[in-house]
Amino acid sequence: MKRRALILGLPALLAACASGSGRVAVGSDGRPLQRLYRIRPKDLGDIQFRLLDGVNTLRGAAGVPRVELNAALNAAAATHSRDMAIQNRPWHFGSDGSSPIDRINRVGYQGILIGETISETYETELETLGAWMQEPQTRTVILDDRARDLGFGYFQEDNGKIWWTMVLGAPGQQTVVQPNVAAAGILSG
C-alpha cells in the first residue's frame with residue numbers, strides 16, 4: 001500500500017517541481033500573464049543602453065544617423081520623469097511651468113531640442129519604445145534625422161508604474177526651433 005501511495009504521489013510531486021521550471025503562466029485567454037517590471041537602481045545604465053540600441057536599430061532601418069547618450073539630456077529626462085510622477089499626469093510641462101526647452105537649458109545642453117516623448121506605463125523600456133513607434137507623432141521624434149543626442153530617464157513608483165521620458169537633441173546649434181513634442185499616454189495593466 002505504501003508503494004502504491006508513492007507511485008500515485010509521484011506525478012503530483014513532479015508537477016510541483018515543474019511549476020518553477022521556467023513555464024510561463026497564462027491567463028484564461030491563453031495569453032501570458034503580465035509580470036511586474038521592477039527596476040533596481042543599478043539597472044539604469046543597462047536600461048539606457050538597451051533603449052539606445054533599440055532607437056539606433058530603428059534609425060538605421062530608416063536610413064537616419066545614429067544617436068548617442070548625452071549626460072545633460074539624461075538629467076533633463078530623469079528630472080521630468082520624477083516631476084510627472086509627482087503631478088500624476090503624463091505631459092510635457094513641469095510642475096513649475098517649465099517646457100522641454102527650459103529643462104534642456106537648465107541642465108546646460110548646448111544644442112537644440114528635437115523632441116521629447118513621454119509615457120506612463122507598467123511596460124519595459126523596449127515595450128514602451130515599440131508603443132512610441134506605433135504612434136505617428138512619437139515615431140517622427142524618434143526618427144528625426146537632425147537628432148544626434150539622446151537622453152532617457154525614468155521614475156518608478158512603489159506600485160510599479162513607470163514614468164518614461166526620452167529627449168532628443170542636436171548639438172552645436174543655438175537657434176530655437178519648434179520641437180516635435182509627442183506623448184504616448186500608454187497605460188497597460
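# Report on a predicted protein model

Among contacts in the protein between residues at least 6 apart in sequence, 72% join residues at least 24 apart. The structure discussed here is a predicted model. This report first describes the overall layout, then the aromatic rings, the strands that carry them, and the salt bridges.

## Overall layout

The protein contains six helices and five strands. From the start of the sequence to its end, these elements follow the order α-α-β-α-α-β-α-α-β-β-β. Of the 189 residues in the protein, 44% are buried. The protein exposes about 10,700 Å², and 55% of that area is supplied by carbon and sulfur atoms.

## The aromatic rings

A pair of aromatic rings is described by the distance of the centres and the angle of the planes. How many aromatic pairs does the structure hold? There are two aromatic pairs. In one of them, Phe-152 and Trp-164 are stacked, with 5.2 Å from centre to centre and 15° between the planes. Phe-152 belongs to strand E3 (residues 149-156) and Trp-164 to strand E4 (residues 162-171), so this pair ties together parts that are 12 residues apart in sequence.

Are these two rings in buried or exposed residues? Phe-152 has a relative accessible area of 1% and is buried, because buried means under 20%. Trp-164 also counts as buried, at 0% relative accessibility.

Tyr-154 and Trp-164 form a pair as well: the ring centres are 5.7 Å apart and the planes stand at 55°, so the pair is tilted. Tyr-154 lies in strand E3 and Trp-164 in strand E4, so the pair ties together parts that are 10 residues apart in sequence. Both Tyr-154 and Trp-164 are buried. Through these ring pairs, Phe-152, Tyr-154 and Trp-164 are linked into a cluster.

## The strands around the rings

Strand E4, which holds Trp-164, is mostly covered, with nine of its 10 residues buried. Which strands pair with E4? Strand E2 (residues 111-121) is joined to E4 by 10 bridges, and the two run antiparallel. Strand E3 also pairs with E4 in the antiparallel sense, over eight bridges.

Individual residues can be followed across these pairings. Trp-164 in E4 is the bridge partner of Ser-119. Phe-152 stands opposite Met-166 in E4, while its ring is stacked with that of Trp-164. In a regular strand the side chains alternate between the two faces of the sheet.

E3 and E4 form a hairpin with five residues between the strands. In this hairpin, Gly-160 takes a positive phi near 100°.

## The salt bridges

Side chains of opposite charge can pair when their charged atoms come close. The count for this structure comes to five salt bridges. The table gives three of them, including the distance between N and O atoms.

| Salt bridge | N to O distance |
|---|---|
| Glu-125 and Arg-50 | 2.6 Å |
| Arg-106 and Asp-96 | 2.8 Å |
| Lys-161 and Glu-120 | 2.8 Å |

Glu-125 forms a salt bridge with Arg-50. This pair links distant parts of the chain, since Glu-125 is in helix H5 (residues 125-134) and Arg-50 in helix H2 (residues 44-62), 75 residues apart. How do the partners stand in relative accessible area: what are the values for Glu-125 and Arg-50? Glu-125 is buried at 2%, whereas Arg-50 is partly exposed at 36%.

A further salt bridge joins Arg-106 and Asp-96. Arg-106 lies in helix H4 (residues 100-106) and Asp-96 in the loop between helix H3 (71-87) and H4, so the pair ties together parts that are 10 residues apart in sequence. Arg-106 has a relative accessible area of 56% and is exposed. Asp-96 is partly exposed, with a relative accessible area of 48%.

The side chains of Lys-161 and Glu-120 also meet in a salt bridge. Lys-161 is in the loop between E3 and E4 and Glu-120 is in strand E2, so the pair ties together parts that are 41 residues apart in sequence. Both Lys-161 and Glu-120 are buried.

## Summary

Strand E4 pairs with E2 over 10 bridges and with E3 over eight. The cluster of Phe-152, Tyr-154 and Trp-164 is linked by ring pairs. The salt bridge of Lys-161 and Glu-120 ties the loop between E3 and E4 to strand E2.

Terms used: Residues numbered from 1 in each chain as written. Predicted model: local features only at pLDDT ≥ 70, side-chain atom pairs only at ≥ 80, totals over all residues. Heavy atoms only, no water. Helix = DSSP H or I, 4+ residues; strand = E, 2+ residues; numbered from the N terminus. Buried < 20%, exposed > 50% of the residue type's maximum accessible area, 1.4 Å probe, protein only. Contact = heavy atoms within 4.5 Å. Areas by Shrake-Rupley, 256 points an atom, 1.4 Å probe, with all protein chains shown as cover. Phe/Tyr/Trp six-rings, centres within 6.5 Å; stacked < 30°, edge-to-face > 60°. Pairing = 2+ DSSP bridges. Salt bridge = Lys/Arg side-chain N within 4 Å of Asp/Glu carboxyl O.
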